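Biologist: Please take one part of this model and go through it closely. I would like the contacts first, and then whatever surrounds them.

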Amino acid sequence: MSYAYLFKYIIIGDTGVGKSCLLLQFTDKRFQPVHDLTIGVEFGARMITIDNKPIKLQIWDTAGQESFRSITRSYYRGAAGALLVYDITRRETFNHLASWLEDARQHANANMTIMLIGNKCDLAHRRAVSTEEGEQFAKEHGLIFMEASAKTAQNVEEAFIKTAATIYKKIQDGVFDVSNESYGIKVGYGGIPGPSGGRDGASSQAGGCCS
Amino acid sequence: MDAATELKSFVGGSLTLASKLLLVAITLYDLAVKSFVGGVEMKRMDLVSGYKGVVGLVFGNENSTSSEDSYVERLLDRISNGVLADDRRSAMTELQAVVAESKAGQLAFGAMGFPVIMGVLKEERDDVEMVRGALETLVSALTPLDHVKGPKNEIQPALMNTDLLSRESESISLLLSLLSEDDFYVRYYTLQILTALLTNSPNRLQEAILTIPRGITRLMDMLMDREVIRNEALLLLTYLTREAEEIQKIVVFEGAFEKIFSIIIEEGGSEGGVVVQDCLELLNNLLRSNASNQILLRETMGFDSLISILKLRGSAYSFTQQKTINLLSVLETFNLLIMGGSEADPGRDANKLTNMTVLIQKKVLDHLLTLGVESQWAPVAVRCAALRCIGDLIASHPKNLDAISSKVLGEEPQVEPALNSILRIILRTSSVQEFIAADHIFKSFCEKNSDGQTMLASTLIPQPLSMNHAPLEEDVNMSFGSMLLRGLTLGESDGDLEACCRAASVLSHILKDNMHCKERVVRIELEAPMPSLGVAEPLLHRMVRYLALASSMKNKDGKSGTAGYVQLVILKLLVTWLADCPTAVHCFLDSRPHLTYLLELVSNTSVTVCTRGLAAVLLGECVLYNKSSDSGKDAFTVVDSLSQKIGLTSYFLKFDEMQKSFLFASVKPTQSHKPLTRSTAASMAEIEDVDENDLSDQKNEDHPILSSMLDAHFVSLIKRLEADIRENIVEVYSRPKSEVAVVPAELEQKSGEGDKEYIKRLKAFVEKQCSEIQKLIGRNATLAEDLAKTGGSGSIQAEHRTSGASERVQAETLRRDLQEASQRLEMLKAENTKIESESSMYQNLAAKMESDLKSLSDAYNTLEQANFHLEKEVKALKSGGSSVCPDVEAIKAEAREEAQKESEVELNDLLVCLGQEQSKVERLSARLLELGEDVDKLLEGVGDDMGLPEDDEEEED
Ligand SMILES: Nc1nc2c(ncn2[C@@H]2O[C@H](COP(=O)(O)OP(=O)(O)OP(=O)(O)O)[C@@H](O)[C@H]2O)c(=O)[nH]1
Ligand SMILES: [Mg+2]
């Protein structure tokens, strides 16, 4: 269970865009075809490897429904990364991005890394938001961007890992005071990469994508 | 002071009070309603007098003004209007003192003080001394004054004040913001205030804190603060996290686990003080019914830190009460992990399994065995909790079952399997609790584990008698089976069947649902207790003998009550054994007296209902699983003797009586653990070694062994058996066995058969038939007799016997329907009473509100009158001295205007409040409508004469 760093993530975005599915795909490699409305927040964890260092991701999947906003806001400040998700087949979920960002800027720490995800890209025939629009929005607001599918697993690993790599890079660049845990980053005990047991080890094959 | 200022301050002051009065009044209703709902009828007089005190103050009612009211008012005035900083500070100090001193002071403060104090906290952050003073005053206002002896149900102003303060979520966020202040006392008092609010109105506080951004973060930061603050914050967080899933998750998100464990380590682990206990209570709150937090703990920190608390270090032999509580708390944590989360959570089962797997991987079993089995000097409460935990940890988990069966304890060469050590505890402990806890391990071990059962049963090999008399200490070298057999037979010589009964309980787990084991153990034969007494006998026969022995030992036994459960445990063993097992039934009936004894036991009125019931079940099994064709042992014989000796009606009655007995009725599907809190912990830790009857949540008449024995599994087995037995017995009747095959072909003369032989054969045939007819007549007579005894009153049991199988089924269905219907009726009745009490509560509430509106409008009238008088006075003054003093004139005009303005504002306030009351009434009315009440009728009573709710209620009935 040793790790070099622990990063806390939150996943935010409108209800039904596929936040819980993205998490499930990432942690369990499964897809859940029915919409189980998330109540409050749900937790998931996985180990990944970046730059040969084991990194533990603690991920809080929040409820997209408006009524849970006050609860989910409590999770912003302590998070190092956020996946902001919209559904490429539902334009309104894209239109709401600005309000999500505003919320994040208001409650999160300024150095939070935000990854914009256009989910459900397997449903190309029902696309309502073009890739270019997503790219454009991300560029305007300084976000990383990817289109993904929780169903086919396309880009799911990549999205989580790219976010981590960005955070890792920021640490290397000295952006964070890593001893201050309120940034959602914790320094672990075991920086040594080794055969860590259990399912954590099994799923840490990816990574190394950062410079 | 001139007249005008006096006027101004009078009018202004009283109007502010009026609005406060309203708040207090509302609070009083809430309190009254709360106490009403709680079934504690609060003395209305106290409410009224408290209320009047404030009313008196406002309206100058001569005889009920308390001196505190005016004193507090003056102090508040000095604080809010004073100019000199020193004077304001000393006013604050005085205020704090008067509030800390008396209930009247607290009451007066509650009525007027909050806005002033909150104002100080908001506006004067820089004046640390004022802020401290204000907070200290709040602490005093919220701290119940117990030392003042008053009437029992007198209202506690402190509680009212807490309620009042917690209503304003704005005040709560103001308080939370004070936690970031540098001054130690400011943070300390603030935490105390929050804790007081939380103790009194937990839900309101929990809701409020959730809506305040970073509210929980601030509280969590306090865990890293100075020790005093940290300890206070710990307590606060335990209250805050009770049954509040979302808060629990946020607290964990904020790193609670790391902080908790680092404090525990800092404080010395299980050797630490009450702070460790608080940490563990918080930890348990975070994990109880919260699978998500359990996963987080497992996946990020792991269970190592938790497990290391179990390790006994240093002074392993000494157990203070605090250490005992700490260990009990951490054992509860394991329990919570093993339960896996809340019942409703779909992810619970998966989480539970993973937790169990990981815990065993982390060698928890070793530590639990050390604590529960090897530390005989540890307090019995700790040992029991550890044993129970072991049982839960292995239940239905194949890997963990293997783990325990392969565990050995002790040091070479004195090693033995852990299961043997646990069996030894069962056989030898003087604590009933410990027996139950250890027995639970075997129950869990054998559950759905036929390999494990077979393994244990395979060692059941009788030893030569000499071994049985070997000193007890030598059993270290014994096999599990030898130990168990010795336990089963040990007590006979000294007339104490306690050990036998405990061993019987273990044996029944081994046999449960396992045909192979049942048949194997049937074959076990024991040497006669004294060689002179003859031949070897089957173990099963020995058990029946002890069953009989137990009842005969009843009176000479010093410990009354033992005989009862010894018999029950042995009966449970036999019932379990014979279920589905013709071989065992055959063995049982092999000895003719067994049947006779059982028949006697079923109708023996000096034994308990349960004993009779289980004996009846055993008898039923002798019919149900009887494959024997020997006359004298077959099902027909059993049924015949049953109907002759007992009568079918009264036989079946035994089942019903047992089912109705509260032991059965009170069986719960799962044991529910009570959370260990500061208040319950001490009593848990004090369970002593001699504790025959003090499991706090058990009824006195209910022996703890019985409730553990009659678990849900066994009860459902009994219910299943009962249904089968009823059916089977009727079947035996409806298809009487024919000793004679009535095949026409057989009646023909066979070819080659001589006439003589043919006649002989026919004669024999007729004889047989004759005897069978005789038997049937006999049986018929018994049935008729039985029927006659029941008086043909159409009783359900009578139906069973007289009607055919199909009718019986019908009757059974009807009976069930009837049962269901009456259950539904009960439910509806209960619901009805609930609704009735709710409606009468709402009636009271409505009446009170009505009367309050009245007094408020009276108050307003008085106010207007006062205003009118003042106006008149002003006019008089105007006409009297306008020429002399134009300034006074102007001031008066101004005062009047201001007074009017203020009264307008207050009027608005009142109107808003009235509006709120109105909407409350509307909501209540709607609710009443929902509940099916005639709202108009209700309000009719309330409207004109405030009604007499009690009377209304009686009319409704
Ligand atoms: N085709 C397709 N469907 C998806 C994808 N991701 C999610 N879905 C579906 O979208 C629905 C909603 O997914 P969830 O993950 O439960 O949505 P959510 O964002 O967690 O919603 P809230 O919990 O209410 O905030 C489900 O029916 C999913 O099966 C995807 O990549 N492709
Ligand atoms: Mg979801």
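Modeller: In this predicted model, B:K249 touches residues of both chains: A:I39, A:V41 and A:Y75 on one side of the list, and B:N290, B:S292 and B:N293 on the other, leaving aside residues up to four places away in sequence. B:K249 sits in helix 13 of chain B, which covers residues 245-253. With a relative accessibility of 5%, this lysine counts as buried, since the cut-off for buried is under 20%.

On the chain A side, the next thing to look at is the metal. The magnesium ion, ligand 2, is coordinated by OG of A:S20 and OG1 of A:T38, at 1.9 to 2.0 Å. A:S20 belongs to helix 1 of chain A (residues 19-28), whereas A:T38 is in the loop between helix 1 and strand 2 (41-50), so the pair ties together parts that are 18 residues apart in sequence. The two donors differ in cover: A:S20 is partly exposed at 25% relative accessibility, while A:T38 is buried, its relative accessible area being 6%.

A:T38 also takes part in the surroundings of ligand 1. One of its polar side-chain atoms is 2.7 Å from an oxygen atom of ligand 1. Taken alone, ligand 1 exposes 650 Å², and the protein buries 93% of that. A:H35 likewise places a polar side-chain atom by an oxygen atom of ligand 1, at 3.1 Å. From A:G18 the contact comes from the backbone: a polar atom there is 3.0 Å from an oxygen atom of the ligand.

There are 24 residues around ligand 1, and those that come nearest are A:T15, A:K19, A:T38, A:G64 and A:A150. Helix 1 of chain A, the helix that holds A:S20, gives the most to this shell, with three residues. A:T38 is thus named both as a donor to the magnesium ion and among the residues nearest to ligand 1.

Back in chain B, one further element can be described. Helix 21 has 15 residues, 380-394, and runs 21 Å from its first C-alpha to its last, close to the 21 Å expected at 1.5 Å a residue. Of those 15 residues 14 are buried, so helix 21 of chain B is largely enclosed by the rest of the structure. Just after this helix, B:S396 has a positive phi of about 50 degrees.

Note on methods. Residues are numbered from 1 along each chain as its sequence is written. Chains are lettered from A and ligands numbered from 1 in the order in which they are written. This is a predicted model: local features need pLDDT of at least 70, side-chain atom pairs count only at pLDDT 80 or more; totals for chains, interfaces and linings use all residues. Side-chain values use heavy atoms; hydrogens and water are left out. Donors are N, O and S atoms within 2.8 Å of the metal (3.2 Å for Na, K and Ca); water is not among the atoms, so sites may look incomplete. Helices (H or I, at least four residues) and strands (E, at least two) are DSSP runs, numbered from the N terminus. Buried means under 20% relative accessible area, exposed over 50%, partly exposed in between (1.4 Å probe, protein chains only). The expected span of a helix is 1.5 Å times one less than its number of residues. Contact means heavy atoms within 4.5 Å. A residue is near a molecule or strand if one of its heavy atoms lies within 4 Å of it. A polar contact is a pair of N or O atoms within 3.5 Å; within protein, one must be able to donate a hydrogen and the other to accept it, and residues adjacent in sequence count only if both atoms are side-chain atoms. Accessible areas come from the Shrake-Rupley method with a 1.4 Å probe; for residues, only the protein chains shown count as cover.
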